[in-house]
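Me: Please take a close look at one part of this structure. Show me how it is covered and what it sits against, and then place it in the whole.

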Amino acid sequence: MNYQTAKYLLGAAKLAQLPPDEGIEVAFAGRSNAGKSSALNTLTQQKSLARTSKTPGRTQLINVFTLDEDRRLIDLPGYGYAKVPEAMKLQWQEELSRYLQQRKCLRGLVLLMDIRHFLKDSDQDMLAWASEVGLPVHCLLSKADKLKQGAKSKAVLQCKKAVKELHPTATVQAFSSLKREGLDQLYKILDEWYQPSEESEEQSQ
């Protein structure tokens with residue numbers, strides 16, 4: 001897969017505004033200060049594909065980026081930090097839940113968590129939702145450059161153990177947008193998810 005071809009398509013406030021529920025989507029989710037936009041920009045080698053801001057919580061829509069005719073990257077609204085009214089936070093949470101549970105073309109979820117502050121309540125909710133609907137999850141422990149090697153390895157092991165109880169098949173890795181650390185591992189996971197399933201290939205024949 002060539003992730004550099006990613007192009008912004010649209011921002012949706014509600015599920016009904018998304019493209020038709022077909023093809024393959026992979027969604028990026030995480031708390032508003034987890035480095036989600038930076039990870040998307042590093043992944044696609046584009047400096048400003050996803051908006052980065054010093055004010056966490058700027059992503060307030062479900063942002064859709066196309067990779068080709070059948071594959072899309074989804075940037076879900078950041079949660080847990082944004083200075084917005086409580087009613088709006090609840091609406092975001094409702095749309096997130098609905099997207100995770102109802103979107104049939106969603107193949108996997110990349111969950112961004114700061115390696116120094118992982119598995120907050122909202123992250124646990126996200127893993128629980130995904131586990132409930134059988135959605136694969138790959139956890140990116142971002143800002144890994146902030147820790148020394150020993151502390152980083154310890155954090156990854158601790159997170160793997162805790163994640164396993166919430167979502168038994170979820171995978172975990174350290175990641176740094178700044179140092180481009182862990183990018184090959186992320187590409188490998190995404191490449192697998194973007195492979196057409198046998199079922200969809202049979203339907204298209």
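Reply: A contact means heavy atoms within 4.5 Å. Among contacts in the protein with a separation of 6 or more, 75% join residues 24 or more positions apart.

Some ground rules come next. This is a predicted model, where local features need pLDDT of at least 70 and side-chain atom pairs count only at pLDDT 80 or more, while totals for chains, interfaces and linings use all residues. Residues are numbered from 1 along each chain as its sequence is written, and side-chain values use heavy atoms, leaving out hydrogens and water.

The part to look at is helix α1, residues 36-44. Helices (H or I, at least four residues) and strands (E, at least two) are DSSP runs, numbered from the N terminus. Of the 9 residues in α1, 8 are buried. Buried means under 20% relative accessible area, exposed means over 50%, and partly exposed lies in between (1.4 Å probe, protein chains only). The buried residues are Lys36, Ser37, Ala39, Leu40, Asn41, Thr42, Leu43 and Thr44. What lies over them? The cover includes three strands, β2 (24-30), β4 (71-75) and β5 (106-114), and helix α5 (183-193). After α1 comes Gln45, with a positive phi near 55 degrees.

Tyr187 gives a view from the α5 side, since this residue lies in that helix. Leaving out residues up to four places away in sequence, Tyr187 touches Tyr3, Thr42, Leu43 and Gln45. Thr42 and Leu43 are among the buried residues of α1. Tyr187 counts as buried because its relative accessible area is 17%. Met1 and Tyr187 are 186 residues apart in sequence, yet their C-alpha atoms are 8.3 Å apart in space.

Now the strands. They form an open sheet of 7 with mixed pairing, in the order β1-β3-β4-β2-β5-β6-β7. Two strands pair if DSSP finds at least two bridges between them. Strands β1 (7-12) and β7 (171-174) stand at the edges with a single partner each, so one side of each has no neighbour in the sheet. On average, neighbouring strands are turned by 20 degrees against each other, direction ignored. Axes here are lines fitted to C-alpha atoms, for helices over the stretch in contact, and angles between N-to-C directions run from 0 to 180 degrees.

At one edge, β1 pairs with β3 (residues 62-66) in the antiparallel sense over 5 bridges. There, Ala12 stands opposite Ile62. Other helices meet the sheet too. Helix α2 (residues 86-102) lies across β2, β4 and β5, at about 140 degrees to β5. Helix α3 (residues 121-132) packs on the sheet and touches β2, β5 and β6 (137-142), at about 165 degrees to β5.

Step back to the whole. The protein has 6 helices and 7 strands. Along the sequence they follow the pattern β-β-α-β-β-α-β-α-β-α-β-α-α. Of the 205 residues, 46% are buried. The exposed area is about 10900 Å², with 48% supplied by carbon and sulfur atoms. Such areas come from the Shrake-Rupley method with a 1.4 Å probe, and for residues only the protein chains shown count as cover.

Last, the cysteines. How many disulfides are there? The structure holds 0. A disulfide is a pair of cysteine sulfur atoms within 2.5 Å. For Cys139, the closest cysteine sulfur is in Cys159, 5.5 Å away, so the two are too far apart for a bond. Cys139 is buried at 0% relative accessibility, and Cys105 is buried at 4%.
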